[in-house]
Amino acid sequence: MAHHQNSRPQRLARWVALGVLVAAAGLAHAQGNNVASVIARNQCAVCHGEQGESTNAQFPQLAGQNAQYLRKQLEDFRAGTRKYDAMNAIARELTDAQIQALGAYYEVQKPAQHPSDDALLVGVGRYIYERGNIYTKVPACVSCHSASGQGSARLPRLAGQHPQYVENQLRRFHAKERRNDSGAMAFVTEGLSELELRAVAAYVGGMGASAANPRGRP
Ligand code: HEC
Ligand code: HEC
């Protein structure tokens, strides 16, 4: 009996302590989210849209992009190892905690798709994505970016990305203006023709869309 009487308040104390911890963790998470949504609205929305769904095809869609990939890109812009004047200036003002919070914020936003209505061009793009071009030594995109193109900590989500932005990046990698990927994409784009470049960009823009929901919007 005495044993039970002692353990009850102890158990209670443990639950209270656990409750405080859980509440604190929840608060930290909520604060991270708030910080990120305020920054996203005030400093990023003008180009990337409030939920990372930029309407201008020159600006990458950030919605649904992998949090760790986003973090690496922002760190690279901040360090200047990825160059784009506007983004270099913006990233230099961000702290580590803000960068982390922004990555987490955009990752959970719903990405849109940007399909092309040129089915033949998309077909060429799909061939390149899945098989590459053995005659000009273009590796298949699928070997790194996976069939779904959903992205991972080390690889960007390509599914649904604006084709114009994808084309821009492929050209930058080819010209070695963007080199923050340790050279993989310079090698990939070496033998890529103009048609293949445009086609594969058109294909990835529509990845993730289904016939029932062609624009892929939830
Ligand atoms: C003036 C317009 C502008 C603003 C404001 C802006 N960006 Fe960007 N952002 C761009 C452009 C343009 C690029 C593509 C640069 C390139 O071509 O390499 C980019 C690229 C990025 C990328 C790389 C995405 C990828 O797929 O690799 C991230 C991440 C990013 N921006 C995050 C942010 C965040 C977070 C903010 C706010 C703190 C922000 N940007 C504000 C224009 C902007
Ligand atoms: C050997 C592995 C590999 C192959 C094959 C590959 N990629 Fe990549 N790709 C990468 C890596 C690594 C990155 C960049 C990671 C980083 O910046 O940190 C990247 C980045 C990209 C980006 C930039 C996305 C963004 O949000 O800025 C595009 C676009 C891209 N790849 C398209 C393609 C296409 C199209 C193909 C096929 C023709 C392809 N990749 C084949 C490894 C690969």
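Visitor: Which residues in H2 meet which residues in H3?

Guide: A good place to begin, with the reminder that this is a predicted model. Leu74, Phe77 and Arg78 in H2 meet Met87, Asn88, Ala91 and Arg92 in H3. Sorted by class, the contact of H2 with H3 has four nonpolar, one polar and two charged residues.

Visitor: How should I read the geometry of such a pair, and what angle do H2 and H3 make?

Guide: Two packed helices are described by the angle between their axes and the distance between the axes. For H2 and H3 the angle is about 95°, and the axes are 7 Å apart. Angles of 65 to 115 degrees count as roughly perpendicular, and H2 and H3 are therefore roughly perpendicular to each other.

Visitor: Let me step back to the whole chain. How many helices and strands does it have?

Guide: There are nine helices and zero strands, and the pattern along the sequence is α-α-α-α-α-α-α-α-α. Of the 218 residues, 32% count as buried.

Visitor: And what share of the contacts joins residues at least 24 apart?

Guide: Taking contacts between residues at least 6 apart in sequence, 71% join residues at least 24 apart.

Visitor: Now to the ligands. Which residues come nearest to ligand 1?

Guide: With a ligand, look at the nearest residues, then at the elements that supply the shell, then at the classes. Gln43, Cys44, Cys47, Pro60 and Tyr84 come nearest, out of 21 residues around ligand 1. Helix H1 (2-48), helix H2 (67-79) and helix H3 (85-92) each supply at least two residues of that shell, and H1 gives the most, with six residues. The shell around ligand 1 divides into 15 nonpolar, six polar and no charged residues.

Visitor: What does the same reading give for ligand 2, and which residues come nearest there?

Guide: Around ligand 2 there are 21 residues, of which Cys141, Cys144, Pro156, Asp181 and Ala184 come nearest. Helix H6 (142-145), helix H7 (163-174) and helix H8 (184-189) each supply at least two residues of the shell. By class, the shell around ligand 2 has 15 nonpolar, four polar and two charged residues.

Visitor: Next, the core. Which residues have the most contacts inside the largest nonpolar core?

Guide: For a core, ask who is at its centre of contacts and which elements contribute. The largest nonpolar core has 19 residues, and Ile128, Tyr129, Val200, Ala201, Tyr203 and Val204 have the most contacts inside it. Helix H5 (119-131), H7 and helix H9 (194-206) are the elements that give two or more residues to this core. H9 provides the largest share, six residues. Apart from this core lies another, of 14 residues, with Cys44, Ala63, Tyr105 and Tyr106 among them.

Visitor: Taking Ile128 alone, what is it in contact with beyond its neighbours within four places in sequence?

Guide: Ile128 is in contact with Asn133, Val138, Cys141, Glu196, Ala199 and Val200.

Visitor: Then how do H5 and H9 cross, and which residues meet?

Guide: The axes of H5 and H9 come within 7 Å and cross at roughly 95°. H5 and H9 are therefore roughly perpendicular to each other. From H5, Leu121, Val122, Val124, Gly125, Arg126, Ile128 and Tyr129 meet Leu195, Glu196, Arg198, Ala199, Val200, Ala202, Tyr203, Val204 and Gly206 of H9. The residues of this contact divide into 11 nonpolar, two polar and three charged.

Definitions and conventions:
Residues numbered from 1 in each chain as written. Chains lettered and ligands numbered in written order. Predicted model: local features only at pLDDT ≥ 70, side-chain atom pairs only at ≥ 80, totals over all residues. Near = placed C-beta within 6 Å. Helix = DSSP H or I, 4+ residues; strand = E, 2+ residues; numbered from the N terminus. Nonpolar A, V, L, I, M, F, W, Y, C, P; charged D, E, K, R; others polar. Core = buried A, V, L, I, M, F, W, Y, C linked by C-beta atoms within 7 Å. Buried ≥ 20, exposed ≤ 12 C-beta atoms within 10 Å, placed from the backbone. Contact = placed C-beta atoms within 7 Å. Axes fitted to C-alpha atoms, helices over the stretch in contact; angles between N-to-C directions. Parallel < 35°, antiparallel > 145°, perpendicular 65-115°, else oblique.
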